[in-house]
Amino acid sequence: MTTSDAAGQNPIGQNPADDLTDLDFTETDERKVALVPTLRDLVVISLISVPIQLIATELNVLDIVIGLVVLYGMCVVGLLLTKYVPLRLPSVAWISLVAVVLTLPMLPWADAIFPLVEGIDFLALAVPPLAYAGFAISKLEIDVLKRSGWKILLVAIMVFLGTYVGSAVIAEITLRMTGGV
């Protein structure tokens, strides 16, 4: 026990390194996101995605570009809805909603839109944003990691393990129910 603990300055069981009160966790409103830089970044990601799609799919360059332009258009509409519709949903929700509505099979325009994007490998589309996210670790995340120490590593391992085991269990149950095993 330290002298500060004995003097009552440190609550029982709380490590001073766990105090995150001086970090800035201000909430950001997605309506304040600047559209032009965001749309520019989406163009860059789309351009980076062309060679990745060439590797991941059997599509030609023209089909890839058309598919990415359609997806880009869906993102533009979703971002505009995020900015101007009074219902506060995250941009990813608006973009997903736009994409779902545009490709629902019972709607008349789905027959025109779905073939343009069906060949795009969406897992390959995740490569550029995930790479950027890896590079974009900010000082805030590093400060939280330093203050959390070994505990954050333990939590991360448990989350990864739980996700893996949970996915394996769901896959096993699904395969047994459908006769795939």
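Arginine 176 is exposed, at 58% relative accessibility. Its partner is glutamate 172. The two form a salt bridge, and their closest N and O atoms lie 2.8 Å apart. Both sit in helix H9, which covers residues 150–178. They are 4 residues apart there, so about one helical turn separates them. Glutamate 172 is partly exposed, with a relative accessible area of 31%. Keep in mind that this is a predicted model.

How many salt bridges are there in the count? The count comes to 2. Besides the pair in H9, aspartate 41 and arginine 40 meet through their side chains. Here the N to O distance is 3.3 Å. Aspartate 41 is partly exposed, at 37% relative accessible area.

Now step back to the whole chain. It has 9 helices and 0 strands. Read from the N terminus, the elements run α-α-α-α-α-α-α-α-α. The chain holds 181 residues, and 17% of them are buried. Next, take the contacts between residues with a separation of 6 or more. Of these, 66% join residues 24 or more positions apart.

Lysine 32 and threonine 82 show how sequence and space can be set side by side. They are 50 residues apart in sequence. In space, their C-alpha atoms are 9.7 Å apart. Lysine 32 lies in the loop between helix H1 (3–6) and H2. Is lysine 32 buried or exposed? It counts as exposed, because its relative accessibility is 70% and the cut-off for exposed is over 50%.

Move on to a pair of helices. Two packed helices are described by the angle between their axes and the distance between the axes. Helix H3 spans residues 61–84, and helix H5 spans residues 110–117. They pack at an angle of about 120°, with their axes 8 Å apart. That angle makes H3 oblique to H5. Which residues make the contact? From H3 come Asp63, Ile66, Gly67, Val70, Leu71 and Met74. From H5 come Ile113, Leu116 and Val117. Sorted by class, this contact has 7 nonpolar, 1 polar and 1 charged residues.

Look at one residue of this contact, leucine 116. Its place is in helix H5. It is partly exposed, with 36% relative accessibility. Leave out residues up to four places away in sequence, and leucine 116 touches Asp63, Ile66, Gly67 and Val70. What separates leucine 116 from leucine 71? Along the chain it is 45 residues; between their C-alpha atoms it is 9.3 Å.

Now go to the nonpolar cores. The largest has 10 residues in all. They are Val50, Ile64, Leu68, Leu71, Met74, Val98, Ile113, Val117, Ile120 and Leu125. Two elements, H3 and H5, give two or more residues to this core. Which of the elements gives the most? That is H3, with 4 residues. There is also a second, separate core of 5 residues. Among them are Leu35, Leu39, Leu79 and Ile95.

Return to the largest core and pick out leucine 125, one of its residues. Set aside its neighbours within four places in sequence. Leucine 125 is then in contact with Ser49, Gln53, Leu68, Leu71 and Ile120. Of these partners, Leu68, Leu71 and Ile120 are also listed in the core.

Glutamine 53, another partner of leucine 125, deserves a look of its own. It is found in helix H2, residues 35–56. Is glutamine 53 buried or exposed? Its relative accessible area is 0%, so glutamine 53 is buried; the cut-off is under 20%. What does glutamine 53 touch, leaving aside neighbours within four places in sequence? Its contacts are Ile64, Ile120, Asp121, Ala124 and Leu125. Among these, Ile64, Ile120 and Leu125 belong to the largest nonpolar core.

Note on methods:
Residues numbered from 1 in each chain as written. Predicted model: local features only at pLDDT ≥ 70, side-chain atom pairs only at ≥ 80, totals over all residues. Heavy atoms only, no water. Axes fitted to C-alpha atoms, helices over the stretch in contact; angles between N-to-C directions. Parallel < 35°, antiparallel > 145°, perpendicular 65-115°, else oblique. Contact = heavy atoms within 4.5 Å. Nonpolar A, V, L, I, M, F, W, Y, C, P; charged D, E, K, R; others polar. Core = buried A, V, L, I, M, F, W, Y, C linked by side-chain atoms within 4.5 Å. Buried < 20%, exposed > 50% of the residue type's maximum accessible area, 1.4 Å probe, protein only. Salt bridge = Lys/Arg side-chain N within 4 Å of Asp/Glu carboxyl O.
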